[in-house]
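Please open the structure in a viewer and keep the sequence panel beside it. The stops below each give a selection to make and then describe what is found there.

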Amino acid sequence: FHRFARPDAQTIEEAIGPVLIEVLMRLDARGVLLLDQRPLEPALETALMERLPVHLPVELSRALAEREKLWRLVLDQKVTAVLEKLSALEQQNPAPVPSPRPRLLTAASPALQPRQGLFVGRAQLVEQVSESLAACEGALVYIHGAPGIGKTALCKAALRHRLTASPASAALFIDLRAASDLPGLLSALAEALDDLSLKSEQEIRQRVARVAGELGAPLLLYWDNLESVVAAGGVLPFLSTLAALDGIRQLGSTRQDLGAAAGRGFPVLRLEPDAARELFLACWHRNSKAPPLHPSAALDGFLTAQLSCHPLSIVLTAGRGAAYRDLGRLIAEWERSGVRLARSAGESLEASLLLSWKLLNPAERRFLLLLALFPEGLSHQSWADLTEPLEDAWEHRVRLSELSLVEEAGGGDGIGMLAPVREFVVGLAQSETGIGGQTPAGPDLQEAAAIALDYYSRLAATAGAIEDTPVTVAIRLRLAGEFPNLAGLL
């Protein structure tokens, strides 16, 4: 009560409402306080359930009988509060900020380096895509294939190849994981251009043309996870208008074959056996505690027959095997469980994700779900702010990284999650069993959302300082870029 009750409250609902909300937000499905895992005191429970509803607003009283309904009410209030703060900040006179500097990438930029520091196989396909980028004036060149097949890795390799061959050129990396329509695509492109004030198609198109003109060499626009927006109205026509600009080249990765009308597509299939073996061994030896592992017929047979040389399945399985420190145990586990989970040898990704999931304790699972609420990943500063009040955050990060469920992004300046992993985690949290396997899905997602919203509330309070400083301006930009993603998901 001392912590949460408003000292200036004039009515009982003003005084007790925040307390009730904080208590109920910390209850799991069994009525246990999440803070200390002790049952709620009977006297307080009686007061909450019998006396307080008489004094609270009607909608809150009705919601007491349904915790999910109450949580939704509280959640909407928190989301609304942050959105109102954002709206108020946008109406203030903007503080002087440095001129936008587009995030132009070269072949050596950290954002274009391969995961795990390794790119294997597909050398001929890399050259073909690179040559198409050079030849296709503005037209979309796209890579298509199944989730986790290595589309992004291939695109990065092709960009490095093209930028090495043409050092005066540069690339913009546009991450579309959090986008679902044309406004989302425009926002992602504005972020890559380092100017969130750009809103309309015309403004953004003019800025892209100006950047390309100032560069004086081809500007490569890379659309990562294009499948998130490609079916939305206006997206392909907008890309066509960009194609008409001088000096523009476009590359995209998508799960669907868009057809010849959209541009030139290249399918991505399974790795060659030699490349699959090289990738597995490299991921195995990332774990310093893992014993040395050498090529063998058993390993080759496992990669080909069970994992179908699927890149992300290989990465996840190698991380799990290194944690076991025994290849034989890994293969035996797959033969016992993985084959049953995989509907076919070509669908090993879901089985690999489930088996990796089983290695996590409940706290690590919930932490992974929290990170999944940030589809664009977290910068170094965002990570620090989010995890400041959380215990064991760094230990969880190391563990999840060892299992390749999360990845260090931007040359170690942040943390991210591949789209297939994120989709798996969020889908599991929304399923009937929940992430713990024994409790309803609601509380897990509610707890993660509450932590994320508290983080955004702290940011909004700091950004609303009376005096604008470089810190408050930077936080304001982070809010504008990050929060709509969470609000849209919830």
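Begin by selecting Glu407, which belongs to strand E7, residues 407-409. The model is a predicted one. Is Glu407 buried or exposed? With a relative accessibility of 17%, Glu407 counts as buried, since buried means under 20% relative accessible area. Show its surroundings next: leaving aside residues up to four places away in sequence, Glu407 touches Arg115, Gly414, Ile415, Gly416, Met417 and Leu418.

**The whole chain**

Zoom out to the full protein chain before going further. Its secondary structure amounts to 20 helices and 8 strands. Of the 490 residues in the chain, 48% are buried. The accessible surface is about 23200 Å², and carbon and sulfur atoms account for 54% of that surface. If contacts are taken between residues at least 6 apart in sequence, 72% of them join residues at least 24 apart.

**Helices H8 and H9**

Select residues 201-215 for helix H8 and residues 235-243 for helix H9. Two packed helices are described by the angle between their axes and the distance between the axes. Here the angle is about 30° and the axes are 10 Å apart. H8 and H9 are therefore roughly parallel to each other, as angles under 35 degrees count as such. Their crossing is right-handed.

Which residues of H8 meet H9? Display the side chains of Glu201, Ile204, Arg205 and Val208 in H8, which meet Phe238, Thr241 and Leu242 in H9. By class, the residues of this contact comprise 4 nonpolar, 1 polar and 2 charged.

**Asn225, on the way to H9**

Now step to Asn225, placed in the loop that runs between strand E3 (219-224) and H9. Most residues other than glycine have a negative phi. Asn225, in contrast, has a positive phi near 60°. Asn225 is also buried, at 10% relative accessibility.

**Helices H12 and H14**

Continue with helix H12, residues 311-324, and helix H14, residues 348-358. The axes of this pair come within 9 Å and cross at roughly 25°. That angle makes H12 roughly parallel to H14. The crossing in which H12 passes H14 is left-handed.

To view the contact, select Leu312, Ser313, Leu316, Thr317 and Arg320 on H12, together with Ser348, Leu349, Ser352, Leu353, Leu355 and Ser356 on H14. The residues of the contact of H12 with H14 divide into 5 nonpolar, 5 polar and 1 charged.

**Ala282 and Gly319**

Select Ala282, found in helix H10, residues 273-284. Ala282 is partly exposed, its relative accessible area being 32%. Draw a distance from its C-alpha atom to that of Gly319: the two residues are 37 apart in sequence, and the distance is 9.9 Å.

**Leu360, beyond H14**

Move to Leu360, in the loop joining H14 and helix H15 (362-372). A relative accessible area of 4% makes Leu360 a buried residue. Which residues does Leu360 touch, not counting those up to four places away in sequence? They are Arg365, Leu368, Arg399, Leu400, Leu403 and Leu405. For Arg399, add a C-alpha to C-alpha distance from Leu360: it reads 8.6 Å, with the two positions 39 residues apart along the chain.

**Leu386, in helix H16**

Select Leu386 in helix H16. Leu386 counts as buried, at 1% relative accessibility. With residues up to four places away in sequence set aside, Leu386 touches Leu370, Phe374, Leu378, Ile451, Ala452, Tyr455 and Arg458. Of these, Tyr455 is worth labelling with a distance: its C-alpha atom and that of Leu386 are separated by 5.6 Å, and the two residues are 69 apart along the chain.

**Asp392, the last stop**

Finish at Asp392, in the loop between helix H16 (380-387) and helix H17 (393-402). What is the phi of Asp392? The value is positive, about 60°, although Asp392 is not a glycine. With a relative accessible area of 44%, Asp392 is partly exposed. Asn225, which also has a positive phi, is by contrast buried; the two loops may be displayed in turn to conclude the tour.

Note on methods. Residues are numbered from 1 along each chain as its sequence is written. This is a predicted model: local features need pLDDT of at least 70, side-chain atom pairs count only at pLDDT 80 or more; totals for chains, interfaces and linings use all residues. Side-chain values use heavy atoms; hydrogens and water are left out. Axes are lines fitted to C-alpha atoms, for helices over the stretch in contact, and angles run from 0 to 180 degrees between N-to-C directions. Helices (H or I, at least four residues) and strands (E, at least two) are DSSP runs, numbered from the N terminus. Angles under 35 degrees count as roughly parallel, over 145 as roughly antiparallel, 65 to 115 as roughly perpendicular and the rest as oblique. A crossing is left-handed if the near helix is turned anticlockwise from the far one by less than a right angle, and right-handed if clockwise. Contact means heavy atoms within 4.5 Å. Ala, Val, Leu, Ile, Met, Phe, Trp, Tyr, Cys and Pro count as nonpolar, Asp, Glu, Lys and Arg as charged, and the others, Gly among them, as polar. Buried means under 20% relative accessible area, exposed over 50%, partly exposed in between (1.4 Å probe, protein chains only). Accessible areas come from the Shrake-Rupley method with a 1.4 Å probe; for residues, only the protein chains shown count as cover.
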